[in-house]
Amino acid sequence: MNSLDINQIKQYLPHRYPLLLVDRVLEWESGKTITAIKNVTVNEEFFNGHFPHKPVMPGVLMIEALAQTAALLSFLTEGRKPDENTVVYFVGIDNARFKRPVEPGDQLKMHVEITRRARGIWKYKAVATVDGQVAVEGDLMCTMRSAADASQSA
């Protein structure tokens with residue numbers, strides 16, 4: 001079984017606090033799937049404003065956590081780590097559905113599967129659950145570009 005701890009994850013993702021949203025990779029299979037977790041704590045900065053009376057993880061951050069998990073799978077599949085010349089762009093989402101709120105103390109378990117890869121665009125089926133219940137799901141699209149192309153549209 002392939003797994004990654006937080007120090008290994010940081011070698012593949014350029015994100016850092018407060019936007020690194022993957023804490024551990026439980027398992028992954030090159031070219032196929034990855035399962036990772038995000039431990040949601042009350043100390044997350046976004047809970048100060050979303051919402052002070054009822055803390056809920058913003059949906060866009062749940063999608064971002066899934067996109068980061070997808071980027072990890074892409075790099076692992078290609079057998080390379082990003083460098084200062086590589087940028088991964090989140091280029092689209094279809095069929096996004098939010099099924100339950102995610103609150104402090106929850107563990108977001110993210111499962112991403114590659115469904116297609118063509119002309120530099122990676123497509124994935126992504127689902128995040130809490131205690132076995134779907135919290136969010138959607139079809140994601142990402143692409144990798146060189147930093148020189150970063151100012152051009154993906």
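Which residue in the turn of the hairpin formed by E2 and E3 has a positive phi? The points below answer this and then move outward through the predicted model.

1. The hairpin. The residue is Gly31, whose phi is about 75°. Gly31 sits in the turn of the hairpin that E2 and E3 form, with 3 residues between the two strands. Strand E2 covers residues 24–29 and runs antiparallel to E3, to which 5 bridges join it. One pairing to look at is Trp28, whose bridge partner in E3 is Ile34.

2. The other partner of E3. Strand E5, residues 107–118, also pairs with E3, in the antiparallel sense and over 7 bridges. Ile34 can be followed here too: its bridge partner in E5 is Val112. Ile34 is therefore a useful residue from which to trace both pairings, with Trp28 of E2 and with Val112 of E5.

3. Burial of E3. Strand E3 spans residues 33–39, and 5 of its 7 residues are buried, so the strand is largely enclosed by the rest of the structure.

4. The largest pocket. This pocket holds about 200 Å³ of space. It is lined by 17 residues, and those closest to its centre are Pro14, His15, Ala71, Val88 and Tyr89. Two elements give two or more residues to the lining: helix H2 (59–78) and strand E4 (86–98).

5. Character of the lining. Sorted by type, the lining residues of the largest pocket comprise 12 nonpolar, 3 polar and 2 charged.

How values were computed
Residues are numbered from 1 along each chain as its sequence is written. This is a predicted model: local features need pLDDT of at least 70, side-chain atom pairs count only at pLDDT 80 or more; totals for chains, interfaces and linings use all residues. Side-chain values use heavy atoms; hydrogens and water are left out. On a 1 Å grid over the protein atoms alone, a cavity is a set of points where a 1.4 Å probe fits but cannot get out, and a pocket is an open set with protein on both sides within 12 Å along at least five of seven lines; lining residues have an atom within 4 Å of a point. Grid points are joined across faces, edges and corners, and a volume is the space filled by probe spheres set on the points. Helices (H or I, at least four residues) and strands (E, at least two) are DSSP runs, numbered from the N terminus. Ala, Val, Leu, Ile, Met, Phe, Trp, Tyr, Cys and Pro count as nonpolar, Asp, Glu, Lys and Arg as charged, and the others, Gly among them, as polar. Buried means under 20% relative accessible area, exposed over 50%, partly exposed in between (1.4 Å probe, protein chains only). Two strands pair if DSSP finds at least two bridges between them.
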